[in-house]
Structures are given as structure tokens and as C-alpha cells.
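Colleague: Could you take me through one part of this model in detail? I'd like to see how the surface positions relate to the interior.

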Amino acid sequence: MTDEAALIRAHIEALNVEFWYRVDQQNGEGVADLFCEDGAYSVPGGRNAGRAAIAESYVKRAARGPRVSRHVLSNLRLTLESPTLAHGVSTLTLWARDGEAPLAITLPVSVSDVHDTYIKGDDGVWRIQHRHITAAFRGEEPAVLSFSSDEGATHAV
């Protein structure tokens, strides 16, 4: 791995750590700022396009009341397309439950594949252009983040 590739990887890993920190520790506040202005966050059947829609989905989640979550991201496989474009595939294990900590939970809420496109902006900052999450395994806990469907309806995942 070249020094440039190692530096890019470090920036993208830090971006992912910050993303999940904001979700788990700050109720999603500021997550939308980690996306490109026209970025998208999607799941099968749903998509939030643009920072405003992404931010709104976290406002709706927070309005449901207290929730404890821990998103554990691992196995990042990064492909560098250019000095300003990268793609990543990683594994996300989610532990979450409504209520105040500490909470009992036996199984994770889900284990998912995360497919990302990252872009380095003119300001030199790496951001998420598109994040797509697909569940490989689902647990018993309900989904809480809302996404707009292609038909205009809203559903949670």
C-alpha cells in the first residue's frame, strides 16, 4: 500500500468512526454533514437523498424517545478509484433497543453489508456520496430510521 493510499484509508476510517459515533452518542445529530451535499443514504426499497432528508430521518428517530445503540463497523474493504473517489464494503453489526442504558439484549438487531461511495471534496475533506445498507441477518428489535420509498411512502429500517 502506498503512503497516499494509507492516508486515504485513514481518512475514510475516521469518517466512518465519526459517523457511527454521531449516531450512537449524539442521537444522529450532525450525521448529514458527513455526506456530500447531494449525498444519499439508502436501504432496499428506501432512500433519503440530500443532507436535509438525511438529517430529518434522525430527527424523527430521536422523537421516538430514548434509544441505546452501538454500531460496530468492521472488515472495511476499500477500493481506490482515484485520489478523490473510493468505494468501500464493510460489515455492520447493530446492537440497539429503545429505552435507557443499561438494557438487556441477547442478539444483535442486525448484521448488514454497507456499500459506500466516498468523494474527496474541493475542500480536501472526504465525505459519503452514497451509503447503502443491506441486512444479511435480522434480529427481533424493530427498525427505527425512516427512509422514503420510491413511491413516496415512508418506512423504517
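Modeller: Happy to! Val-72 counts as partly exposed because its relative accessibility is 41% (buried is under 20%, exposed is over 50%, and partly exposed lies in between, with a 1.4 Å probe and protein chains only). This is a predicted model, where local features need pLDDT of at least 70, side-chain atom pairs count only at pLDDT 80 or more, and totals for chains, interfaces and linings use all residues. Residues are numbered from 1 along each chain as its sequence is written, and side-chain values use heavy atoms, leaving out hydrogens and water.

Val-72 belongs to strand S3, residues 67-82 (strands are DSSP runs of E, at least two residues; helices are H or I, at least four; both are numbered from the N terminus). Now to the interior: the largest nonpolar core has 25 residues (buried Ala, Val, Leu, Ile, Met, Phe, Trp, Tyr and Cys joined through side-chain atoms within 4.5 Å). Ile-12, Phe-19, Tyr-41, Tyr-58 and Tyr-118 have the most contacts inside this core. At least two core residues come from each of H1, S1 (35-43), H2 (51-63), S3, S4 (85-98), S5 (110-120) and S6 (126-138). The most come from H1, which gives six.

Phe-19 is worth a closer look: leaving aside residues up to four places away in sequence, Phe-19 touches Val-31, Leu-34, Phe-35, Tyr-41, Tyr-58, Ile-128 and Arg-131 (contact means heavy atoms within 4.5 Å).

Helix H1 spans residues 3-25 and also holds Ala-14. Ala-14 counts as partly exposed because its relative accessibility is 45%. From Ala-14 to Gln-129 the C-alpha to C-alpha distance is 16 Å, with their positions 115 residues apart in sequence.
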